[in-house]
Amino acid sequence: MSRKDWIRVKDLAVDVLLYSGARWPSKEAGKPVLQPISLTVSIPTDIKYSADHDDLNSSINYSAIASSLRTLLSPISGAPAFASLEHISRHIYDGLLLEAPFTSLFDEAFISVVQIKAPIHCSRIVFESSAQRQDQSTWKLGTFRHTLEDIDCHAIIGVNASERLEKQVARVHLSIEDHVGLFEAGESLDTRAVVRRMYENVGNTEYLTLEALASYAAVESLKEINRQSPAVFPTVSVKVSKPFALVFASASEVEISRTISDYPTHFTTNDKMQAGAVNDVSTAAIAYGSNLGDSFHNIEFALRLLEVPNEILKDVAGKVDIVNTSFLYESTPMYVEDQPSFINGACMIETDLPPLQLLRLLKCIETTVGRVPSIRNGPRAVDLDIVFFNNAVIDTRALDARAGLENLEGHLVVPHPRMCEREFVLRPLNDMIPDFIHPVKRQAISMLLSKVAADPSLRKVMPVPKFPLSDQVPSFPSIQPVPSTLCHWIHPISSNDGHRNRFVAKTRLMAIVNTTPDSFSDGSDHESLPTAMIFAKSAVQDGADILDIGGYSTRPGAAFVSVQDEIDRVVPVVSGIRGDVSIASVPISVDTFRPDVARAAILAGANIINDVYSFTGPTCYPYPSTEIKELEAARKYIVGMKATAREFAVPVVLMHSRGDAGSNKDYSEYLYAGADHSVVEGVRVELGRKVEEIVRGPGGVRRWMVMIDPGVGFSKTVEGNLEVLREAASVTADVLIGPDTARRTNPLAGYPRLIGSSRKSFLGTILAQDGRTTSPKERTLATAATVACAVQQGASVVRVHDVQEMADVLRVADLIW
């Protein structure tokens, strides 16, 4: 039968008994409440014969359907009390699809059940579903949807001054789908709990925009459904409106649709976890700070100890994995100002330790690293605090002692009670979990950060460790020695603006020392150790801040170099520099994509890894590859390079590339960002994917140790290279990326940038447009233009061949921008 027509009984009024209550829960537990509901039943059919012949006998008797529905549901007719709207629908399907006289007339029905007297604060609750008869005794559910209409909350919402003073109605409309598992399991959605959570939690928010409030409402509804039934993965559509916002309109409104996958930071843990014993893995945010001794060494030492809890707490069997880290920040002290500046950061951990055992572990680590009793908020070698533990709210103080914040010693209070006034805590958290909702303030971390007064002294910092290692013996056999700090670099807090504060950060100059015979620019110039040493000393005298030593050319068509040959080229130069007192303290980076070469160079004295393939090797493009062998090779590089970077705690420069530097220049898949922005978008997406994998998860590289290079001259056309130079600041800007259907935060947001444009072939192509052919060494002035642009765009490091000339460019450009 062709089913293109419908017979419908619409808005049938029926009184039913509901155990779930009406406006209010039942006054007596277990006693149902009599109340009106509204039913609409739609039957798909073919009315052609009835219409053509005006034949009543061939039509479906909707009067009989209505009578049967009232008999099925009315307590006067002996109908049972129902647990929920879902229970009512099941009862109707049993009657309409499995019992005479309807079994011979239709085998499918669509039902809408409306609770007119919905829980307080909610206008109506609607449950819509469909089912089809399978055989004489069973039917199968089809569609399934809950709608909670017009939940009137009262919240601070808006940007106008008056809106920040008084709560107004924020009307939330929820539609929930893809949770059919509840129905199939015989369960029901506790809509009263959803309404209550919406009303209470939305009422505690203070968002500026409806967009932010709608997203928060989606998170809270998903959390409540997840709490009730962790096995289902629903889709929620949320409308949030302000009925009193506009004079000539009924409301302003935002509508969004979200799933759990849209909020990974909110659903990595079980929301049911509380402060007691925890058997499953929990996620916690740990904040740390140090201002005594070598702060960077102290923090790294503490984090390594954190991951060996069984060696710190001999009586406890537990596991801790650091799965994400923030940038590090230098800040002037709060509260007690007469003390050195602090280095602050935070990390996310996964642990099976309960909160109090985790606190005990942190205190033991503080003692091991060297913290001694001091005045409150005074100097310390390291300070470790639990900021969040899942979504738990914990206070171990006596109930009558929780009013103030002066009696915290020896107790655990989570969330950390003073975090919302501290930019040096909120900013590291924002690096990792900007959308996480504070379980007490009911606001996202990003929102809390936007409200705190900006600290002009706060600077982003990257430590450079000292190598080779002195004779250090680890205090614990399972952790590697932690290097001391050679120096640290300061970077701007934000990458959204290319202009930098010249009183905070300077652009550092990285001098290229190629020990290869076939480099595109200076092949064989520094191939021997004596010539390399002469150039290194000259470069430092001319203003180089870093020496970048490479033993394997990345130019297209370069000859293969074995691992041992590359080590033999690089290590003698590194050792030679470290043995020359005039340049022994200059930071050295090793330009390699091989873990064995990086390890050998670091042991000889290198401090930084500079990898043009960003830890995935020279052949894997696209990444991840669909070719199993290529992907396995890339994974091997990632594992090896991550392990080396973590073991030695060295900074890494991760560059965007696409295999062979002269190939793969098509960025048309990113044209959704605009024809003039597609290459930059490609860099953000492709390099961002790799950086996320390198930084996140157990064994990840510390975020504060990562610098990115957008890869000027690698797999980009002339116009593509110019676009990257012109818009370099946007590569690491805090913006949304991806097509409209999959927008997400830029994974490269906030990272410092290195720009390497020196003598590149695209400069020769530009100069040749006027008929002038140039060798790489004749492109010094052209390079100078790109270096000035890099400074204007806020680069932290520029990598160059012509040191003296580019040092002059930096001296002037740093003062201009």
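This is a short talk on the sheets, one helix pair, the cysteines and some unusual backbone angles in a predicted model.

I will start with the open sheet. It has 8 strands, in the order β23-β22-β21-β20-β19-β18-β27-β26, and the pairing is parallel. Which strands stand at the edges? They are β23, residues 706-709, and β26, residues 754-755. Each of these has a single partner strand, so one side of each is left without a neighbour in the sheet. As general background, strands of a sheet pair through backbone hydrogen bonds, and the pairing can be parallel or antiparallel.

Now to β22, which covers residues 652-655. Both of its faces are covered. V652 and L654 are on one side, V653 and M655 are on the other, and all of them are buried.

On one flank, β22 pairs with β21, residues 608-611; the two strands run parallel and are joined by 3 bridges. Within that pairing, I609 stands opposite V652 of β22. To get from β21 to β22, the chain passes through helix α15, residues 628-648, in a right-handed β-α-β crossover.

β22 also pairs with β23, again in parallel, through 4 bridges. Here V652 stands opposite V706 in β23. The connection from β22 to β23 goes through helix α16, residues 678-695, and this β-α-β crossover is right-handed.

There is one residue to note in the loop between β22 and α16, namely N664. Its phi is near 60°, which is a positive value in a residue other than glycine. Is N664 buried or exposed? Neither label applies: N664 has a relative accessibility of 34% and counts as partly exposed.

Further along the sheet order, β18, residues 508-514, pairs with β27, residues 797-800. That pairing is parallel and runs over 4 bridges. One of the contacts puts L509 together with V798, its bridge partner in β27.

Next, a set of antiparallel pairings around β6. This strand spans residues 168-177 and is mostly covered, with 8 of its 10 residues buried. What does β6 pair with? One partner is β5, residues 139-155, in the antiparallel sense over 9 bridges. In that pairing, A155 has Q168 of β6 as its bridge partner. Another partner is β7, residues 235-242, which is joined to β6 by 7 bridges and runs antiparallel to it. There, I176 stands opposite V236 in β7.

On to the helices, with a single pair. The axes of α13, residues 563-579, and α14, residues 595-604, come within 9 Å and cross at roughly 20°. Angles under 35 degrees count as roughly parallel, and α13 and α14 are therefore roughly parallel to each other. The crossing of α13 and α14 is right-handed.

Now the cysteines. A disulfide is a covalent bond between the sulfur atoms of two cysteines. How many disulfides does the model have? The count comes to 0. The cut-off used is 2.5 Å between cysteine sulfur atoms. Take C122 as an example: the closest cysteine sulfur is in C153, at 9.8 Å, which is too far for a bond. C122 is buried, with a relative accessible area of 2%. C420 is another example. The closest cysteine sulfur to that of C420 belongs to C347, at 19 Å, and this is also too far for a bond. C420 counts as partly exposed, at 23% relative accessibility.

Last, the backbone. Most residues other than glycine have a negative phi, and most peptide bonds are trans. Besides N664, a positive phi is found at D11, where the value is near 55° and the residue is again not glycine. D11 lies in strand β1, residues 5-18, whereas N664 is in a loop.

Where are the cis peptide bonds I want to show? One runs from A100 to P101, with omega near 10°. P101 sits in the loop between α3, residues 85-98, and β3, residues 108-115. Another cis peptide bond joins V414 and P415, with omega about 0°. P415 is in the loop between β15, residues 413-414, and α10, residues 423-432.

To recap the sheet part: the open sheet has 8 strands with parallel pairing, while β6 pairs antiparallel with β5 and with β7. That is the end of the talk.

Conventions. Residues numbered from 1 in each chain as written. Predicted model: local features only at pLDDT ≥ 70, side-chain atom pairs only at ≥ 80, totals over all residues. Heavy atoms only, no water. Pairing = 2+ DSSP bridges. Buried < 20%, exposed > 50% of the residue type's maximum accessible area, 1.4 Å probe, protein only. Right-handed = clockwise from strand over helix to strand, strands pointing away. Axes fitted to C-alpha atoms, helices over the stretch in contact; angles between N-to-C directions. Parallel < 35°, antiparallel > 145°, perpendicular 65-115°, else oblique. Left-handed = near helix turned anticlockwise from the far one by under 90°.
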